[in-house]
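Please open the structure in a viewer and show the side chains as sticks. The tour below moves from one aromatic ring to the next.

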Amino acid sequence: MSAAVAGGESAGELLLRAAAMVPAERYAVAALVVLSVLTYRFLELHVLGDLLRGFRGGRVELVFHPASEIYHRVASKCRILHGRYLATPWLASPHLQTLFLGISGRPPSFTYKRQLYTVRDGGTIALDWLLASDLEAADGFISKDASTPLVVVVPGLTSDSAAAYVKHLVYSMASKGWNVVVSNHRGLGGVSITSDCFYNAGWTEDIREVINYLHHRYPKIPLFCVGTSIGANILVKYLGEEGENTPVAGAASICSPWDLLIGDRFISRKFVQRIYDKALAIGLKGYAKLHQPVLARLANWEGIRKSRSIREFDHHATCIVARYETVDTYYRRCSSASFVGNVSVPLLCINALDDPLCTREAIPWDECRANKNIVLATTPNGGHLAFFQGLTAGRLWWVGATSEFLCALHESSYMHRRKVQDHVLHSSLESSIDKSPYVNIMEDGMVAPVTSDGPGDDGSPSNHTVDEVELSDTVGVKQQNEVSSEKHNEHASGVNGKSSGSANQQGEAAYTNKLHEIIAPVKRSLNQLTRYQGRSVWLLVYIAFVTSWPLLGSLAFITFRKKFRNPSRAK
């Protein structure tokens with residue numbers, strides 16, 4: 001070695017000569033190995049993990065309150081939630097699953113029936129229906145007296161009823177004998193924007209109005225709701241805002257972002273997440289171009305056109321239209337994690353821990369565990385809204401888990417039932433602040449105020465239908481009912497006239513009793529405050545006397561000393 005170096009060859013030259021003696025095939029193999037490792041890490045593949053587990057899949061982890069009746073009486077009967085999830089082997093990556101769902105997804109083939117619903121501010125929402133009878137080749141109709149449950153589906157960001165994952169869920173529920181309606185967001189589903197309001201991640205007024213409309217139209221039908229992605233955030237926020245005062249009997253949240261601020265930090269953290277961010281921004285800009293005449297008037301169109309991320313789009317569009325001070329303010333106010341504690345409806349939440357869009361860091365674990373109405377199910381894999389199963393990737397795991405949970409809930413006695421409030425008492429005690437327009441509409445994310453004054457007396461706005469869903473009560477039956485009701489009213493008017501006086505007296509007595517029940521606790525509280533106030537006053541007097549005694553003692557000593565000195569000088 002020393003002789004070679006002395007002969008004029010350096011150590012570097014010797015290394016190059018040695019490297020040249022290695023066959024090129026070995027370099028190719030080494031490069032392939034390095035590339036495979038980098039690709040494995042970049043795509044977050046879990047083929048080796050599945051192989052080590054014997055392709056049994058990852059266990060589904062459940063989080064719930066120890067005393068939760070929803071878990072012990074409903075979720076405990078769900079076999080899928082207590083099993084394992086194994087991803088399709090050739091889609092063993094959250095990115096591959098999410099990409100395949102967006103490109104194909106292999107959705108089932110069926111045709112919706114569309115209903116155009118006009119909300120109070122003049123906006124238009126497309127309600128796409130698939131009835132259980134549609135899959136049975138029967139005449140599709142919904143009876144007001146039927147007991148067949150109805151599921152309302154809220155899609156994700158820039159998604160509508162044509163999305164593959166939505167069609168998987170809709171077909172699965174309809175094949176089980178349930179009726180399903182997809183509540184598309186404003187401006188999606190081929191419907192134009194007809195007002196100055198746009199949907200966003202915290203806009204709950206549309207789903208609130210749709211649910212109230214469906215409950216008013218079909219009061220005897222159990223009403224369930226499923227939200228996906230941003231739709232899940234909207235749904236959970238709505239359930240938290242309503243509390244007990246919602247007609248929803250049960251719900252499911254699939255791949256919710258939970259905390260939008262954490263999600264914004266996450267999606268801009270790594271290179272692969274920034275790719276998703278740009279892809280979603282392109283989708284949002286495509287949505288904006290469909291409604292350019294309206295957005296160009298309300299928002300910063302030049303900024304929208306140049307947006308390269310969701311945050312930039314929200315800065316130039318959402319915050320301006322909804323009048324949020326900053327993007328972070330919008331994210332904080334619209335995050336559903338802040339509303340989890342007030343959810344009073346049986347709620348199944350499903351999230352994948354490898355979701356490339358909605359990070360596990362945003363999942364409100366403790367809040368879900370503290371709420372007896374919530375069961376949180378997490379899987380190690382699944383991607384975003386994908387969860388493909390089988391060698392052909394023809395099924396979505398979360399669809400089966402959701403349908404099983406909702407069916408078990410429907411068969412149980414733990415469905416949520418809206419508390420009936422006394423209308424007379426409520427109308428007499430409500431203040432003008434409770435009436436429209438609401439003060440907190442800016443926190444919900446839209447410009448137009450939500451009024452309680454609808455076009456009709458029942459509060460349900462007019463709606464127009466295309467391929468309208470037929471109802472069992474036809475026009476002839478309605479007319480017969482109207483005639484019979486008129487005759488019945490004429491016959492009953494004489495009888496009711498005699499008993500009206502006693503009925504009014506009983507009503508006034510009941511109203512007085514209820515009013516007294518409400519005022520009594522207030523009186524007791526005022527009396528306690530009065531007693532506490534009296535004690536507080538004496539305590540303050542004592543404190544003032546003790547703290548000011550040195551000063552008062554000094555003043556008294558000086559005063560009396562002068563008085564005693566004056567008589568002595570006079571003598």
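Select Lys167 and Phe110 to begin: in this predicted model, the charged end of Lys167 sits over the ring of Phe110, at 5.0 Å from the ring centre. Phe110 itself is buried, its relative accessible area being 13%.

Keep Phe110 in view and turn to the aromatic pairs. How many are there by the rule applied here? The count comes to 16 aromatic pairs. Select Phe64 and Tyr71 next. The ring centres of Phe64 and Tyr71 are 3.7 Å apart and the planes meet at 10°, so this pair is stacked, the limit being under 30 degrees. Phe64 is partly exposed, with 21% relative accessible area, whereas Tyr71 counts as buried at 14%; the cut-off for buried is under 20%.

Now add Tyr171 to the selection and return to Phe110. The centres of the Phe110 and Tyr171 rings lie 6.1 Å apart, with their planes at 20°, so this pair is stacked. Where do the two residues of this pair lie? Phe110 is in the loop between α6 (94-103) and β4 (113-118), and Tyr171 is in helix α7 (residues 164-175), so the pair ties together parts that are 61 residues apart in sequence. Buried or partly exposed: which describes Tyr171? At 34% relative accessibility, Tyr171 counts as partly exposed, while Phe110 is buried.

For the last stop, select Tyr85, Phe387 and Trp397. Ring pairs link Tyr85, Phe387 and Trp397 into a cluster.

Conventions
Residues numbered from 1 in each chain as written. Predicted model: local features only at pLDDT ≥ 70, side-chain atom pairs only at ≥ 80, totals over all residues. Heavy atoms only, no water. Phe/Tyr/Trp six-rings, centres within 6.5 Å; stacked < 30°, edge-to-face > 60°. Buried < 20%, exposed > 50% of the residue type's maximum accessible area, 1.4 Å probe, protein only. Helix = DSSP H or I, 4+ residues; strand = E, 2+ residues; numbered from the N terminus. Lys NZ or Arg CZ within 6 Å of the ring centre and 35° of its normal.
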